[in-house]
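Please read the following note beside the sequence and the structure. Each numbered point takes up one topic and may be checked against the model.

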Amino acid sequence: MVTTETDPAVGAETDDDDAAEPETGPLRRCIITRERLPKERMIRFVVGPDRQIVPDLAARLPGRGIWLSASLDVLESSDAQGDGRQKEKPGDGRYRHLVRAFARAARGPVSVPSDLSVLLQTALVRRIGDCLGLARRAGQAVAGYEKAREALRTGRYRLVLQASDGSEAERSRFLSGFGPDLTIIDPLPGETLGRVFGRDYVVHVAVAPGKLAESLVVEAGRLAGLKNGSARALGSARATGRETASVNDGTGANG
């Protein structure tokens, strides 16, 4: 656990924009980079009763939200804003930059889990697995090479999940013959995908359009950002929502 010391200066350093900014509209401000991004690219936190920072991946917990970009360099580097400072080494003040930023936003001392990155990634993997399980039970997800390709041939299935540890040759062969309008994500290894479908190992899954497909794309994007994302890349991207457009278009969510 990384904790701030009780310091009157913490409250004095609070950014008034953070304190007053309402949680409305499609964009949120990252407390580290100061960039405003779509909330789907970010992670919400709240301050618990014991002043511990609590991740709120579903963005439903009560209290004023504190938002971070879903980005590895935001979590683990003190120079996420490009200020030239040396990156903090894991285990040596790894999250002190976060503690300071959370404390300013929360107007007082807070504690941050020392394994925050692992905690977030584990939770996102669980959310992706749960969402895919719901899609399977609803008849909206099909696994296996032939069955998934047949689903894609109907033209209705436009989201593809592939095992992150599947061979590149096999993954490319599966996609051959289909146009560029597919959304392709690979958030989970084949063994994890297999457990969702009651198999030892699954490489290919096709998912029908709908809210579950949209959620899978969002959660996979956040997980990818936490594994290898760049705050600068996230900050420079326009908030167009096109990351999920090929899924949303099939459901009418884009109007």
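1. In this predicted model, the side chains of D56 and R44 meet in a salt bridge, with a distance of 2.6 Å from N to O. The two residues belong to distant parts of the chain, twelve residues apart: D56 is in strand β5, and R44 is in strand β4. Both D56 and R44 are buried. As general background, side chains of opposite charge can pair when their charged atoms come close.

2. Strand β4 deserves attention in its own right. Five of its six residues are buried, and β4 is therefore largely enclosed by the rest of the structure. Strand β4 pairs with β5 in the antiparallel sense over four bridges; within this pairing, V47 has I53 of β5 as its bridge partner. Strand β4 is also joined to β6 by four bridges, and these two strands run antiparallel. Here the bridge partner of R44 is W67 in β6.

3. The connection between β4 and β5 contains an unusual backbone angle. Most residues other than glycine have a negative phi. R51, however, has a positive phi near 70 degrees. R51 is found in the loop between β4 (42-47) and β5 (53-56), and the hairpin formed by these strands has five residues between them. Is R51 buried or exposed? R51 counts as partly exposed because its relative accessibility is 33%, which falls between the limits of 20% and 50%.

4. A second residue of this kind is A59, whose phi is positive at about 55 degrees although A59 is not a glycine. A59 lies in the loop between β5 and β6 (66-69). Its relative accessibility is 40%, so A59 counts as partly exposed.

5. A further sheet is open and consists of four strands in the order β8-β11-β9-β10, with mixed pairing. Strands β8 (141-143) and β10 (183-185) stand at the edges; each has a single partner strand, so one side of each is left without a neighbour in the sheet. On average, neighbouring strands of this sheet are turned by 20 degrees against each other, direction ignored. Three bridges join β8 to β11 (residues 204-207), and this pair runs antiparallel. Within the pair, A143 stands opposite V205 of β11.

6. Which helices lie on this sheet? Helix α6 (residues 145-153) lies across β8, β9 (159-162) and β11, and runs at about 30 degrees to β11. Helix α7 (residues 168-175) packs on the sheet as well, touching β9, β10 and β11, and its direction makes about 160 degrees with that of β9.

7. Helix α7 also holds a salt bridge, between the side chains of E168 and R171 (3.8 Å, N to O). Both residues lie in α7, three residues apart, which is about one turn of the helix. Their surroundings differ: E168 counts as exposed at 53% relative accessibility, whereas R171 is buried with a relative accessible area of 10%.

8. In helix α8 (residues 190-196), R195 and E191 are four residues apart, so about one helical turn separates them. Their side chains meet in a salt bridge of 3.8 Å from N to O. R195 counts as exposed, at 55% relative accessibility.

9. How many salt bridges does a search of the whole structure find? The search finds nine. In addition to the pairs described above, R127, E219 and R222 are linked in a network of salt bridges.

Terms used:
Residues are numbered from 1 along each chain as its sequence is written. This is a predicted model: local features need pLDDT of at least 70, side-chain atom pairs count only at pLDDT 80 or more; totals for chains, interfaces and linings use all residues. Side-chain values use heavy atoms; hydrogens and water are left out. Two strands pair if DSSP finds at least two bridges between them. Axes are lines fitted to C-alpha atoms, for helices over the stretch in contact, and angles run from 0 to 180 degrees between N-to-C directions. Contact means heavy atoms within 4.5 Å. Buried means under 20% relative accessible area, exposed over 50%, partly exposed in between (1.4 Å probe, protein chains only). A salt bridge is a side-chain nitrogen of Lys or Arg within 4 Å of a carboxyl oxygen of Asp or Glu.
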